[in-house]
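Q: Please take a close look at the site where the ligands are held, and describe it for someone new to this structure.

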Amino acid sequence: MSFILHGIGVSEGIAIGHAHLADPAALEVVHYLIPKNQVEKEIARLNSAFAVVRKEFGALQQSVADGHARAEFSAFLDLHLMILDDPVLSEATRSMIAQTYCNAEWALKQQMQELLTQFEAIEDAYLRERKADVKQVVERVLKAMLGHPGLLPVATKMSGDSILVAHDLSPADVMQYKQNQFTAFLTDLGSQTSHTAIVARSLNIPSVVALHHAHQLILENDWLIVDGTHGIIIVNPDKYVLDEYRLRQSQFELERKKLQRLKSVAAVTLDGTPIDLYANIELPEDIAQVKESGAAGIGLFRSEFLFLNRDDLPGEEEQFEAYRTVAVKMHKLPVTIRTFDLGADKSLKGSEQVATNPALGLRAIRFSLTEPKMFHKQLRAILRASRYGEVRILVPMLSNVMEIDQTLHYIEYAKQTLRDDKIQFNEHIKIGGMIEIPAAALCLESFMRKLDFLSIGTNDLIQYTLAVDRIDDAVAHLYDPFHPAILWLVSHIIQSANRAKVPVSICGEMAGDKQFTRLLLGIGLQQFSMYPSQLLTVKNQILKSHLPDIIPLAQKIIRTYQPEKMAALLAKLND
Ligand code: PEP
Ligand code: MG
C-alpha cells in the first residue's frame with residue numbers, strides 16, 4: 001500500500017531506495033524472578049553486558065581519535081560513557097537484583113526510569129533533552145544481555161540504496177553509519193539540531209526527522225522516496241510517482257554538479273560588485289572541504305572545538321600548531337580565529353554549567369576574561385601563528401565596551417611577552433568583534449571605534465533578541481530569522497559599519513541560507529561566512545543578482561512589519 005508521511009526536512013535532496021529499519025524497540029523487557037542462589041550469576045550477566053558496551057564505546061572512541069569522526073560525535077560518545085557509568089544504572093540495578101530477585105533486564109529498565117525521572121527534574125533544557133541518550137545507552141546494554149552484542153545490525157547487511165529508518169539515532173550509531181553510506185536518514189524524533197540532522201547535513205544526504213511513527217509504519221525493504229527539501233516520504237510509490245521523483249532527483253543532482261563548475265569562478269554580482277565568500281570551520285581537518293569549496297578564506301574558526309571532548313586543556317604549543325596549520329594551508333588568505341566561545345552548550349569536560357540560564361551566563365569572552373591564564377595561552381598561540389598567514393582575531397559575545405578594552409589589554413600583554421621572548425608575530429594583527437548581542441548592535445558606534453572589523457553572529461543575535469533558546473525545540477517555532485526586529489537589527493549593523501567603513505561579515509547560519517542571499521546583498525553585505533557545503537549555492541545566487549534591482553526591494557522588506565506582505569516581497573526578490 002502506498003502512503004505519504006510528513007516531517008521536518010533537515011537536509012536537502014531526493015533519495016529513492018529500500019527501507020532499512022534500525023532495531024525495533026529493545027526496551028520492552030519481560031519480568032521474572034530468579035532463585036536466590038542465581039543472584040550472583042544474574043549480576044555477573046549484567047556486568048558482562050556493561051563490559052561489552054564499554055568495549056564498543058572504546059572502539060568507537062578509537063575511531064574518533066583516529067580522525068574518522070568530527071568533534072561533535074566524540075562529545076556524544078563521552079556523554080554515553082558518562083551515562084553508562086552512572087551509579088543509578090549500574091550499582092542500583094545490581095542492588096535491585098540482589099534485593100528483589102528480579103531478572104537483570106527488568107531491574108535495568110526500572111533504574112532507567114528512575115534516571116529519566118531525575119533528568120526530567122533538571123531545569124537545563126539541553127540536559128533534559130538528553131533523556132533520549134539514556135534510553136539509547138540502556139537499549140545497547142539490553143541488546144548485549146539478550147544475546148545481540150555488537151551495535152547496529154543494519155551496518156553489515158546494507159545495500160547501495162539503503163535508507164535508514166530509525167525511531168531515533170544515537171551518536172554512536174551515527175558514527176558507524178557515517179562509514180556505511182546510507183542514501184538518506186529518517187527518524188521519528190529529532191529537530192533541526194538533533195544528532196541525525198547534524199550528521200545528515202555534514203554528509204550532505206537527504207534527511208527527514210520528526211516523522212513520529214515512520215519506524216512503526218514502514219516495513220523492512222519497503223520502497224521509499226525521501227524528499228529532504230520538503231520533508232516528505234512516499235512509501236511504496238506507484239510507477240508514475242517513482243518516475244516523477246527519479247526525474248526530480250536527476251535534476252537535483254545535475255544542479256549540484258553544475259554548481260561545482262563555479263568553484264573557481266569569482267563571486268561577483270551582475271553589476272560587477274565583488275563579494276567575499278568565506279568558510280566556517282571547527283577543526284584544522286576541515287580545511288580539505290574548504291579547499292573543495294573554493295572559499296576566499298576562513299571567516300570563522302570556532303576555536304573552542306579544540307578544547308572539547310578532552311580531560312586536559314590544549315596548551316600554547318598545541319594551539320599554535322593548529323592555528324599555524326590552518327594559516328599555512330590557506331596560503332595567505334584571511335583566517336579569522338575566534339577566541340574560545342566556551343560555556344552554555346559548549347562546556348569544558350567536568351565543568352558543565354549549572355547556571356539557570358547558561359546562554360546568559362559565563363560564556364565566550366565573559367569566560368575568557370575570568371580565565372586570564374587560559375586566555376593568555378590562546379592569544380600567544382594565535383599571535384605566533386599570525387606570522388604564517390593572514391591571521392585575524394575575532395572576539396565572541398561582546399556586550400559592552402569595557403570587555404573590548406580588557407580584551408585589547410590582554411592582547412597587548414600577550415604581544416609584549418612575545419616581544420620579551422623575541423618571538424615574531426604580526427604586530428598589526430586585525431582584531432574584530434562578534435555582534436551577536438542586541439546591546440552591541442544598538443551601541444555599534446562605540447564598538448566600531450575600537451575594533452578593526454565586525455562579524456555578525458545571527459544564530460545568537462536571534463536567540464538573544466527574540467528570547468528564544470536556540471537549542472530548545474519546544475520554542476523552535478519562535479526562532480524566526482525573518483522576524484522584522486532581526487532584519488532591522490542586521491540591516492542597522494551592516495549599514496552603520498558600511499558608513500563607518502568598518503568591514504562587516506555575517507558568520508551565522510543566515511549567511512549560508514540562499515533565501516537570505518539577495519536580501520543581505522540588498523542591505524549592503526559584501527562578506528559572507530558559512531559551511532563549505534553551502535558556499536557554491538550562495539555563490540550561484542550572487543552571480544545571478546543585480547544590486548541596483550535588489551536594493552530598493554530589500555529596503556522595502558526591512559521596513560515591512562506584516563508577515564504576508566514581507567513573504568510576497570521576498571518571493572519577488574528571490575524570483
Ligand atoms: C552565531 O552566533 O551566529 C555564531 C556564528 O556563533 P555560534 O553559532 O558559534 O554561537
Ligand atoms: Mg554565537
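A: Donors are N, O and S atoms within 2.8 Å of the metal (3.2 Å for Na, K and Ca); water is not among the atoms, so sites may look incomplete. This is a predicted model, in which local features need pLDDT of at least 70 and side-chain atom pairs count only at pLDDT 80 or more, while totals for chains, interfaces and linings use all residues. Residues are numbered from 1 along each chain as its sequence is written, ligands are numbered from 1 in the order in which they are written, and side-chain values use heavy atoms, with hydrogens and water left out.

The magnesium ion (ligand 2) has as its protein donors Glu436 (OE) and Asp460 (OD), which lie 2.0 to 2.2 Å from it. These two residues are 24 residues apart and link distant parts of the chain: Glu436 sits in the loop between strand S13 (430-435) and helix H16 (438-442), and Asp460 in helix H18 (residues 458-466). Helices (H or I, at least four residues) and strands (E, at least two) are DSSP runs, numbered from the N terminus. Both Glu436 and Asp460 are buried, that is, under 20% relative accessible area (1.4 Å probe, protein chains only).

Ligand 1 has 15 residues around it, of which Arg302, Arg338, Asn459, Asp460 and Arg470 come nearest; a residue counts as near if one of its heavy atoms lies within 4 Å. H18 gives the most to this shell, with three residues. A polar side-chain atom of Arg302 lies 2.8 Å from an oxygen atom of ligand 1, and one of Glu436 lies 3.0 Å from an oxygen atom of ligand 1.

Technical notes: Buried means under 20% relative accessible area, exposed over 50%, partly exposed in between (1.4 Å probe, protein chains only). A polar contact is a pair of N or O atoms within 3.5 Å; within protein, one must be able to donate a hydrogen and the other to accept it, and residues adjacent in sequence count only if both atoms are side-chain atoms.
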